[in-house]
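Biologist: Please take a close look at the interior of this model. Go residue by residue, and give the cut-offs as you use them.

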Amino acid sequence: QVQLRESGGGLVQAGGSLGLSCAASGRTIRSYVMGWFRQAPGKEREFVAAISWRGTGTQYADSVKGRFTISRDNPNNTVFLQMNVLKPEDTAVYYCAADSGGYYSTSPLDYEYWGQGTQVTVSS
């Protein structure tokens with residue numbers, strides 16, 4: 001029902017900032033919990049952040065809390081992840097995901113729709 005495509009990845013120095021966007025098509029994301037996940041080489045996909053259906057609630061992994069901000073623009077079918085004070089350990093492919101369930105989840109297994117991913121590389 002939803003197609004997702006991330007953009008905005010790139011190479012930044014440690015301490016820098018980068019903003020990611022996730023554009024949705026096929027159906028409005030208004031009724032979906034939206035999440036960001038990341039996967040580094042040799043590691044399993046991990047939760048980064050999630051935002052409620054209406055954008056009034058957010059949840060973050062401890063590793064990014066205070067540095068990353070998730071937001072959404074439902075009229076434009078877009079989700080954002082603003083990443084500040086980036087660290088080399090933030091290097092990963094970042095994925096946007098949509099969940100039609102009624103609650104937040106930190107598990108990628110609970111998200112039905114996924115984007116193709118965008119690479120974020122943070123140099124030391």
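Modeller: I start with the core, then take the disulfide, the aromatic rings, one serine and two backbone angles.

First, the ground rules. This is a predicted model, in which local features need pLDDT of at least 70, side-chain atom pairs count only at pLDDT 80 or more, and totals for chains, interfaces and linings use all residues. Residues are numbered from 1 along each chain as its sequence is written, and side-chain values use heavy atoms, with hydrogens and water left out.

Now the core. A nonpolar core is a set of buried Ala, Val, Leu, Ile, Met, Phe, Trp, Tyr and Cys residues joined through side-chain atoms within 4.5 Å. Buried means under 20% relative accessible area; exposed is over 50%, and partly exposed lies in between (1.4 Å probe, protein chains only). The largest nonpolar core has 36 residues. Leu 4, Met 34, Trp 36, Leu 81, Met 83 and Tyr 94 touch the most other members. Seven strands each supply at least two residues of this core: E3 (18–25), E4 (33–39), E5 (46–51), E7 (68–73), E8 (78–83), E9 (92–99) and E11 (118–123). Strands (E, at least two residues) and helices (H or I, at least four) are DSSP runs, numbered from the N terminus. In soluble globular proteins, nonpolar side chains tend to be buried together.

Leu 4 shows how this packing looks from one residue. Setting aside residues up to four places away in sequence, Leu 4 touches Met 34, Cys 22 and Cys 96, among others. A contact means heavy atoms within 4.5 Å. Other partners of Leu 4 include Tyr 113, Trp 114, Gly 115 and Gln 116.

Those two cysteines are bonded. Cys 22 and Cys 96 form a disulfide, with their sulfur atoms 2.1 Å apart. The rule asks for a pair of cysteine sulfur atoms within 2.5 Å, and the count by that rule is one. The S-S torsion of Cys 22 and Cys 96 is about -80 degrees, so the disulfide is left-handed. The pair links distant parts of the chain: Cys 22 is in strand E3, Cys 96 is in strand E9, and they are 74 residues apart. Cys 22 is buried, at 1% relative accessible area. Cys 96 is buried too, at 0%. Beyond its neighbours within four places, Cys 22 contacts Leu 4, Trp 36, Asn 77 and Cys 96, among others. The C-alpha atoms of Cys 22 and Tyr 95 are separated by 8.7 Å, although these residues are 73 apart along the chain.

Next, the rings. There are six aromatic pairs in the structure. Rings of Phe, Tyr and Trp (its six-membered ring) pair if their centres lie within 6.5 Å; planes under 30 degrees apart are stacked, over 60 edge-to-face, and the rest tilted. Tyr 32 and Tyr 113 have ring centres 6.0 Å apart and planes at 75 degrees, so this pair is edge-to-face. Tyr 32 lies in the loop between E3 and E4 and Tyr 113 in strand E10, so the pair ties together parts 81 residues apart in sequence. Tyr 32 is buried at 2%, and Tyr 113 is buried at 13%.

Tyr 95 and Trp 114 make another edge-to-face pair, because their centres are 6.4 Å apart and their planes at 80 degrees. Tyr 95 is in strand E9 and Trp 114 in strand E10, so the pair ties together parts 19 residues apart in sequence. Tyr 95 is buried at 13%, whereas Trp 114 is partly exposed at 26%. Phe 37, Phe 47, Tyr 95, Tyr 111 and Trp 114 form one aromatic cluster.

Arg 45 lies over two of these rings. Its distance from the ring centre of Tyr 95 is 3.8 Å, and from that of Trp 114 it is 4.7 Å. A charge sits over a ring if NZ of Lys or CZ of Arg is within 6 Å of the ring centre and within 35 degrees of the ring normal.

Ser 105 touches this cluster. Apart from neighbours within four places, Ser 105 contacts Phe 37, Phe 47, Asp 110 and Tyr 111. Ser 105 sits in the loop between E9 and strand E10 (113–114) and is buried at 11%.

Last, the backbone. Most residues other than glycine have a negative phi. Asn 77 has a positive phi, near 55 degrees. Asn 77 lies in the loop between E7 and E8 and is buried at 16%. Val 85 also has a positive phi, about 50 degrees. Val 85 lies in the loop between E8 and E9 and is partly exposed at 47%.
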